[in-house]
Amino acid sequence: MDESRDRTNNNIIWDIFEGDLVKVKKYNLNGVLYYESGIVVSDKIDDQILLFPYVNIYVFKSGIVERHLPNTVEIISSKT
């Protein structure tokens, strides 16, 4: 069964860097989607426990640094 699977290495490509302006995807208690703006304060970190890369983002509205995975972040403006 495993012999028929393609063994190519599909790495996650995520071009995000410290200083990028981003939108963070969040949901309220009723499940309604909304976005908050923030700025990336760390380079991409690969964590063996989470299995996916993440970045730390300072969210302007709350004033808190939060950890976010690729599926919750949209880049508004890159620093480069």
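Q: How much of the protein is made up of buried residues?

A: Buried residues make up 24% of the 80 residues in the protein, and this value, like every other one discussed here, is computed from a predicted model. A residue is called buried when its relative accessible area is under 20%. Turning from residues to the surface as a whole, the accessible surface comes to about 6100 Å², with 52% of it belonging to carbon and sulfur atoms.

Q: Which elements does the protein have, and in what order do they run?

A: Helices and strands are numbered from the N terminus, and here the count is zero helices and six strands. Read from the N terminus on, the order is therefore β-β-β-β-β-β. As for how the chain comes together, among contacts between residues at least 6 apart in sequence, 37% join residues at least 24 apart.

Q: How many salt bridges are there?

A: The general idea is that a side-chain nitrogen of Lys or Arg must lie within 4 Å of a carboxyl oxygen of Asp or Glu, and by this rule the count comes to three salt bridges. One of them joins glutamate 74 and lysine 23, whose closest N and O atoms are 3.7 Å apart. This pair links distant parts of the chain, since glutamate 74 belongs to strand 6 (residues 73–77) and lysine 23 to strand 1 (residues 21–27), 51 residues apart. Glutamate 74 is partly exposed, with a relative accessible area of 34%, and lysine 23 is likewise counted as partly exposed, at 29%.

Q: Which residues are joined into one network by salt bridges that share partners?

A: To find such a network, one looks for a residue that appears in more than one pair, and here it helps to follow lysine 26. Lysine 26 forms a salt bridge with glutamate 36, the closest N and O atoms being 3.4 Å apart, and this pair connects strand 1 with strand 2 (residues 33–40), the two residues lying 10 apart along the chain. Glutamate 66 also forms a salt bridge with lysine 26, with 3.0 Å between the closest N and O atoms, and in this case the link runs from strand 5 (residues 64–68) to strand 1, across 40 residues. Glutamate 66 is buried, because its relative accessible area of 18% falls under 20%, and lysine 26 is buried for a like reason, at 17%. Salt bridges that share partners thus join Lys26, Glu36 and Glu66 into one network. Glutamate 36, like lysine 26, is buried.

Q: What sort of aromatic pair do the rings of tyrosine 58 and phenylalanine 60 form?

A: Two rings are read by the distance between their centres and by the angle between their planes, and planes over 60 degrees apart count as edge-to-face. A search of the whole structure finds one aromatic pair. The ring centres of tyrosine 58 and phenylalanine 60 are 6.0 Å apart and their planes lie at 70 degrees, so this pair is edge-to-face. Tyrosine 58 counts as partly exposed, at 31% relative accessibility, and phenylalanine 60 is also partly exposed, at 42%.

Q: Where do charged side chains lie over rings, as with tyrosine 35 and tyrosine 54?

A: Lysine 23 lies over the face of tyrosine 35, at 4.6 Å from the ring centre. In the other case, the charged end of arginine 67 sits over the ring of tyrosine 54, 4.3 Å from its centre.

Q: Is serine 42 buried or exposed, and which residues does serine 42 touch?

A: Serine 42 lies in the loop between strand 2 and strand 3 (45–46), and at 13% relative accessibility serine 42 counts as buried. Not counting residues up to four places away in sequence, serine 42 touches Glu18, Val55 and Asn56. A polar atom of the serine 42 side chain lies 3.0 Å from the backbone nitrogen of asparagine 56.

Q: Where does asparagine 56 lie, and which residues are in contact with asparagine 56?

A: Asparagine 56 lies in strand 4 (residues 53–59) and counts as partly exposed, at 21% relative accessibility. Leaving aside neighbours within four places in sequence, the contacts of asparagine 56 include Val41, Ser42, Glu66 and Arg67. The C-alpha atoms of asparagine 56 and valine 41 are separated by 5.7 Å, although these residues are 15 apart along the chain.

Technical notes:
Residues numbered from 1 in each chain as written. Heavy atoms only, no water. Phe/Tyr/Trp six-rings, centres within 6.5 Å; stacked < 30°, edge-to-face > 60°. Buried < 20%, exposed > 50% of the residue type's maximum accessible area, 1.4 Å probe, protein only. Lys NZ or Arg CZ within 6 Å of the ring centre and 35° of its normal. Helix = DSSP H or I, 4+ residues; strand = E, 2+ residues; numbered from the N terminus. Polar contact = N/O pair within 3.5 Å; in protein donor to acceptor, adjacent residues only side chain to side chain. Contact = heavy atoms within 4.5 Å. Areas by Shrake-Rupley, 256 points an atom, 1.4 Å probe, with all protein chains shown as cover.
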